[in-house]
Amino acid sequence: MSNYEIYLAILVMTLVNLFTRAFPFLFFTKNHLPKSLDFLQRFFPATIMTILVVYSIKDVDYINNYYGLKEFISVIFTIVIHLKLKNYLISIFGGTILYMFLVQFI
């Protein structure tokens, strides 16, 4: 790619990013959200967390001794943290940090 094409690609990506961030503020008010967006706002974070959990444990071999124990402990820890704090970001990072600790040191 030439420098011109690289700069053009960066400009296009910048404009698309700006548009996607400004789109909700330009076309919707907080009190008049469509029902579909209200549904997404309410249930999408839990759906994403469920997909992440299923994806992270789908290839674990549970037949051999102690395999899957680290993953199971991390998932339970993430659920407990989320039920106590009700914060998706802290739950995801806490579970990830615990899992990385278990994988590296145990």
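## Starting from I76

A good place to begin is I76, which lies in helix 3. Everything described here comes from a predicted model. I76 is partly exposed, with a relative accessible area of 37%. How far apart are the C-alpha atoms of I76 and V103? They are separated by 16 Å, and the two residues are 27 apart along the chain.

## Helix 3 and its two sides

The helix that holds I76 deserves a closer look. Helix 3 covers residues 69–85, 17 residues in total. From its first C-alpha to its last it reaches 24 Å, close to the 24 Å expected at 1.5 Å a residue.

Which residues of helix 3 are buried? They are E71, S74, V75, T78, I81 and H82. These residues cover an arc of only 130° around the axis, which puts them on the same side of helix 3. Turn to the other side of helix 3 and you find F72, L83 and K84, which are exposed. The cover over the buried residues includes helix 2, residues 35–57, and helix 4, residues 88–105.

## Two residues of helix 3 up close

T78 has its place in helix 3. Its relative accessible area is 14%, and because buried means under 20%, T78 counts as buried. Which residues does T78 contact, once its neighbours within four places in sequence are left aside? The answer is M49, S91 and G95.

K70 also lies in helix 3. K70 is partly exposed, with a relative accessible area of 27%. Not counting residues up to four places away in sequence, K70 touches Y99, L102, V103 and I106. The C-alpha atoms of K70 and L98 are separated by 8.9 Å, although these two residues are 28 apart along the chain.

## How helix 2 and helix 4 meet

Helix 2 and helix 4, which are among the elements covering the buried residues of helix 3, also pack with each other. Their axes are 11 Å apart and the packing angle is about 10°. Helix 2 and helix 4 are therefore roughly parallel to each other. On the helix 2 side, the contact is made by P45, A46, M49 and L52. Helix 4 contributes Y88, S91 and I92. You may recognise M49 and S91, since both are in contact with T78 as well.

## The loop after helix 3

Helix 3 is followed by K86, which has its place in the loop between helix 3 and helix 4. What is the sign of the phi of K86? The phi of K86 is positive, about 55°, although K86 is not a glycine. For background, most residues other than glycine have a negative phi. At 62% relative accessibility, K86 counts as exposed.

N87 sits in the loop between helix 3 and helix 4 too. N87 is partly exposed, with a relative accessible area of 31%. From N87 to I106 the distance is 27 Å, C-alpha to C-alpha, and the two are 19 residues apart in sequence.

## Aromatic rings

How many aromatic pairs does the count come to? It comes to five. In one of them, the rings of F39 and F43 have their centres 5.0 Å apart and their planes at 45°, so the pair is tilted. Being four residues apart in helix 2, F39 and F43 are separated by about one helical turn. F43 is partly exposed, with a relative accessible area of 40%.

Aromatic residues also gather elsewhere in the chain: F19, F23, F27 and F28 form one aromatic cluster.

## A look at helix 1

Last comes V16, whose place is in helix 1, residues 3–27. At 49% relative accessibility, V16 counts as partly exposed. How far is V16 from V103? Their C-alpha atoms are separated by 39 Å, with their positions 87 residues apart along the chain, counted as residues apart.

Conventions:
Residues are numbered from 1 along each chain as its sequence is written. This is a predicted model: local features need pLDDT of at least 70, side-chain atom pairs count only at pLDDT 80 or more; totals for chains, interfaces and linings use all residues. Side-chain values use heavy atoms; hydrogens and water are left out. The expected span of a helix is 1.5 Å times one less than its number of residues. Buried means under 20% relative accessible area, exposed over 50%, partly exposed in between (1.4 Å probe, protein chains only). The arc is that of the directions from the helix axis to the C-beta atoms. Contact means heavy atoms within 4.5 Å. Rings of Phe, Tyr and Trp (its six-membered ring) pair if their centres lie within 6.5 Å; planes under 30 degrees apart count as stacked, over 60 as edge-to-face and the rest as tilted. Axes are lines fitted to C-alpha atoms, for helices over the stretch in contact, and angles run from 0 to 180 degrees between N-to-C directions. Angles under 35 degrees count as roughly parallel, over 145 as roughly antiparallel, 65 to 115 as roughly perpendicular and the rest as oblique.
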